[in-house]
Amino acid sequence: MVRKSPLEILYTDRCDIYNWESVKDPTTKVTEHKKVLRYENIPCRVSFKTISAVNQSTFEPVISQVVKLFLSKDIEIKAGSEIVVYRGGKVLQYKCSGLPAVYSNHQEIILLSAEEKA
């Protein structure tokens, strides 16, 4: 029996994780860079934090949102992974902006919306 982390009780979302990998076609022998599904239907939790600031040159408000993914430390997330989160009937698409912060019983990854530039 696999023992779960106490944090996993909070994992109410699910995610699929994709990586870009070099894949060689067995017929044509041509190697292409393709998006490959690495993990599917992984329990997770997404956290949203709004950050407000003021542009020092224009004095206009600047509002940004930080999106953080929490999941098991046993899942290997590479920098640049694309992550699709399923939350309450919604599908949220993200790209991973960097390496995960791995702790003793979970990991945290800051995500960017798939439409944003890294």
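# A seven-strand predicted model

User: β1 and β2 form a hairpin; which residue in the turn has a positive phi?
Analyst: In this predicted model, six residues lie between β1 and β2. One residue in that turn has a positive phi, about 65°. That residue is Lys-29.

User: How many bridges join β1 to β2?
Analyst: The two strands run antiparallel. One bridge pairs Lys-24 with Thr-31 in β2. The count of bridges between β1 and β2 is 11.

User: How many bridges join β1 to β4?
Analyst: β1 and β4 also run antiparallel. Within this pairing, Tyr-18 stands opposite Glu-82 in β4, and Tyr-18 is in strand β1. The number of bridges is five.

User: How many helices does the protein have?
Analyst: Read the elements from the N terminus on: β-β-β-β-β-β-β. The protein has seven strands. Its number of helices is zero.

User: Is the protein a compact globule or more spread out?
Analyst: The globule rule gives 13 Å for 118 residues. The radius of gyration is 17 Å, well over that value. The C-alpha atoms fill a box of roughly 60 × 40 × 30 Å along the principal axes. So, set against a compact globule, the protein is more spread out.

User: What share of the residues counts as buried?
Analyst: Buried means under 20% relative accessible area. The protein has 118 residues to sort by that cut-off. The buried share is 28%.

User: Which strand supplies the largest share of the largest nonpolar core?
Analyst: This core has 17 residues; Ile-17, Leu-69, Leu-71 and Leu-111 touch the most other members. β1, β2, β3, β4, β5 and β7 each supply at least two residues. The largest share is four residues, and it comes from β2.

User: Which cysteine does Leu-71 touch, leaving out residues up to four places away?
Analyst: Leu-71 is one of the core residues that touch the most other members. Its contacts include Ile-17, Ile-42, Pro-43, Ile-77 and Ile-109. Tyr-11, His-106 and Gln-107 are also among them. The cysteine is Cys-44.

User: Is Cys-15 buried or exposed?
Analyst: Cys-15 is found in strand β1. Beyond its neighbours within four places, its contacts include Tyr-39, Ile-42, Cys-44, Val-84 and Tyr-86. Its relative accessible area is 0%, and the cut-off for buried is under 20%. So Cys-15 is buried.

User: How far apart in space are Cys-15 and Lys-34?
Analyst: Along the sequence, they are 19 residues apart. In space, take the distance from C-alpha to C-alpha. The value is 19 Å.

User: What distance separates the C-alpha atoms of Tyr-18 and Glu-60?
Analyst: Tyr-18 touches residues including Lys-35, Arg-38 and Glu-82. Glu-60 lies 42 residues from Tyr-18 along the chain. Their C-alpha atoms are separated by 37 Å.

User: Asp-13 and Arg-87 meet in a salt bridge; which of them is buried?
Analyst: The bridge has an N to O distance of 3.1 Å. It links strand β1 to strand β4, across 74 residues. Arg-87 is partly exposed at 25% relative accessible area. The buried partner, at 2%, is Asp-13.

User: Which residue forms a salt bridge with Arg-38?
Analyst: The closest N and O atoms of this pair are 3.7 Å apart. Arg-38 lies in strand β2, and its partner sits in strand β1, 17 residues away. Arg-38 is partly exposed at 37%, and its partner counts as partly exposed at 22%. The partner is Glu-21.

User: Lys-35 and Glu-82 meet in a salt bridge; how many residues apart in sequence are the parts it ties together?
Analyst: The N to O distance is 3.2 Å. Lys-35 lies in strand β2 and Glu-82 in strand β4. Lys-35 is partly exposed at 41%, and Glu-82 counts as partly exposed at 23%. So the pair ties together parts whose separation, in residues, is 47.

User: How many salt bridges does a search of the whole structure find?
Analyst: Asp-13 with Arg-87 is one of them. Lys-35 with Glu-82 is another. The search finds a total of five.

User: Which element has the highest mean pLDDT?
Analyst: The protein as a whole has a mean pLDDT of 86, with 93% of residues at 70 or more. Among the elements, β3 has the lowest mean, 86. The highest mean, 95, belongs to β4.

Notes
Residues numbered from 1 in each chain as written. Predicted model: local features only at pLDDT ≥ 70, side-chain atom pairs only at ≥ 80, totals over all residues. Heavy atoms only, no water. Core = buried A, V, L, I, M, F, W, Y, C linked by side-chain atoms within 4.5 Å. Buried < 20%, exposed > 50% of the residue type's maximum accessible area, 1.4 Å probe, protein only. Contact = heavy atoms within 4.5 Å. pLDDT = per-residue confidence, 0-100. Pairing = 2+ DSSP bridges. Salt bridge = Lys/Arg side-chain N within 4 Å of Asp/Glu carboxyl O. Rg over C-alpha atoms; globule rule 2.2 N^0.38 Å.
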